[in-house]
Amino acid sequence: MRELTWDGFRNARDLGGMSTPLAPGGTTLHRRIARGPRRESLTEAGWRDAAGWGLRSIVDLRCAYETGARETDPVARSPRELSITLAPTEDQNDPEFREVCFPILDSPEYWRHNVRILPALVRVALEAIAWSEPGVLVHCSAGRDRTGMITAILLANAGVSASDIVADYEVSVRAMAGTAAHGGPTHDRQASWSSSEVSDWLAEVRSHVRAFVGAPDALMDAIGVGSETKQALRALLIE
């Protein structure tokens with residue numbers, strides 16, 4: 001039930017159905033938040049699939065220059081009634097961000113640096129999700145790195161275990177490995193990786209995901225997320 005088969009989309013999942021002791025039913029709720037790649041890859045049928053899921057809002061984590069259709073995209077328009085918010089988590093012109101994160105933008109190792117260097121941007125993205133109408137799609141380009149970071153924060157805040165958050169991240173890595181590059185300011189090493197290369201790399205980086213979500217309250221405090229926003233984000237997934 002977690003995998004979303006919206007036409008034209010890959011690497012898209014519902015954040016519902018994940019175990020958490022904080023939810024009355026023992027799992028996060030379906031049809032509240034979805035994660036995925038760039039929305040421009042959806043076909044007309046894909047937009048209908050998304051509407052059937054209950055899509056009402058989109059929070060786009062990309063920088064402004066990354067948005068918009070490409071020549072290879074299907075000719076399809078998003079429904080006018082959708083609320084679309086651009087909330088980039090990166091300032092790719094920030095000198096410290098470029099120096100520290102550009103070598104590792106395709107690794108969860110950069111997440112801790114992103115929230116340290118640019119906490120306000122991450123906070124604004126989380127606030128945009130918190131106050132969006134449920135049925136929210138959170139996406140970036142590949143739906144793997146920026147979306148992975150924000151998804152990890154959302155799930156940790158909802159009480160999902162580090163092991164399950166790692167597993168969710170790994171699904172995205174495997175879904176996108178060996179596919180065409182997704183754009184962005186740096187080379188995507190994973191675009192050419194085989195399944196065995198992915199497995200070897202995941203064994204190296206799991207610890208970064210675990211460390212990132214190990215203390216969710218402290219993480220939220222470091223980002224500057226207020227208690228009202230934190231509760232709203234949790235409510236989206238468990239209430």
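Buried, in these legends, means under 20% relative accessible area.

**Figure 1. Glu66, a buried residue in a loop of this predicted model.** Glu66 sits in the loop between strand 3 and strand 4, the latter being residues 83–86. With a relative accessible area of 7%, Glu66 falls under the 20% cut-off, so it counts as buried. How far apart are Glu66 and Trp6 in space? Going C-alpha to C-alpha, Glu66 and Trp6 are 22 Å apart, and in sequence they are 60 residues apart.

**Figure 2. The whole chain, to get your bearings before the other close-ups.** Here you have nine helices and five strands in one chain. Walk along the sequence and the pattern reads β-β-α-β-β-α-α-α-β-α-α-α-α-α. The radius of gyration comes out at 17 Å, close to the 18 Å that the globule rule gives for 239 residues, so the chain is as compact as a globular protein of that length. Along its principal axes, the C-alpha trace spans about 45 × 40 × 35 Å. Of the 239 residues, 53% count as buried. Take the contacts between residues at least 6 apart in sequence: 75% of them join residues at least 24 apart.

**Figure 3. The surface of the chain and its charges.** About 10400 Å² of the chain is exposed, and carbon and sulfur atoms supply 50% of that area. As for charged side chains, there are 26 positive and 32 negative ones. Where do the centres of the two sets lie relative to each other? They are 3 Å apart.

**Figure 4. Helix 1, with a buried side and exposed residues on the other side.** Helix 1 runs over residues 44–53, and its buried residues are Gly46, Trp47, Ala50 and Trp53. Why do these four belong to one side of the helix? They cover an arc of only 110° around the axis, and that puts them on the same side of helix 1. Flip to the other side of helix 1 and you meet Arg48 and Gly52, both exposed. What covers the buried residues of helix 1? The cover includes strand 1 (13–14), strand 2 (33–36), strand 3 (57–60) and strand 5 (136–139). Right after helix 1 comes Gly54, with a positive phi near 115°.

**Figure 5. Asn11 and Arg31, two non-glycine residues with positive phi.** Asn11 belongs to the segment before strand 1, and its phi is near 60°. Arg31 belongs to the loop between strand 1 and strand 2, and its phi is near 65°. Buried or partly exposed: which is Asn11, and which is Arg31? Asn11 counts as buried, at 7% relative accessibility. Arg31 is partly exposed, with a relative accessible area of 49%.

**Figure 6. Ser172 and what it touches.** Look for Ser172 in helix 6, which covers residues 162–176. Its relative accessible area is 0%, so Ser172 is buried. Which residues is Ser172 in contact with, once its neighbours within four places in sequence are left aside? The answer is Asn11, Arg13, Arg35, Gly143 and Arg144. Asn11 is the residue with phi near 60° from the previous figure.

**Figure 7. Gly148 in helix 5.** Helix 5 covers residues 146–157, with Gly148 among them. At a relative accessible area of 3%, Gly148 is buried. Neighbours within four places in sequence aside, Gly148 is in contact with Arg35 and Trp111. Arg35 also turns up among the contacts of Ser172. Gly148 and Phe102 are 46 residues apart in sequence, and their C-alpha atoms are 17 Å apart in space.

**Figure 8. His113 in helix 3.** His113 is part of helix 3, residues 111–117. Is His113 buried or exposed? With 12% relative accessibility, His113 counts as buried. Not counting residues up to four places away in sequence, His113 touches Val100, Cys101, Ile104 and Leu118.

Conventions. Residues numbered from 1 in each chain as written. Predicted model: local features only at pLDDT ≥ 70, side-chain atom pairs only at ≥ 80, totals over all residues. Heavy atoms only, no water. Buried < 20%, exposed > 50% of the residue type's maximum accessible area, 1.4 Å probe, protein only. Helix = DSSP H or I, 4+ residues; strand = E, 2+ residues; numbered from the N terminus. Arc of directions from axis to C-beta. Contact = heavy atoms within 4.5 Å. Rg over C-alpha atoms; globule rule 2.2 N^0.38 Å. Areas by Shrake-Rupley, 256 points an atom, 1.4 Å probe, with all protein chains shown as cover. Lys, Arg positive; Asp, Glu negative; His and termini not counted. Charge placed at Lys NZ, Arg CZ, Asp CG, Glu CD.
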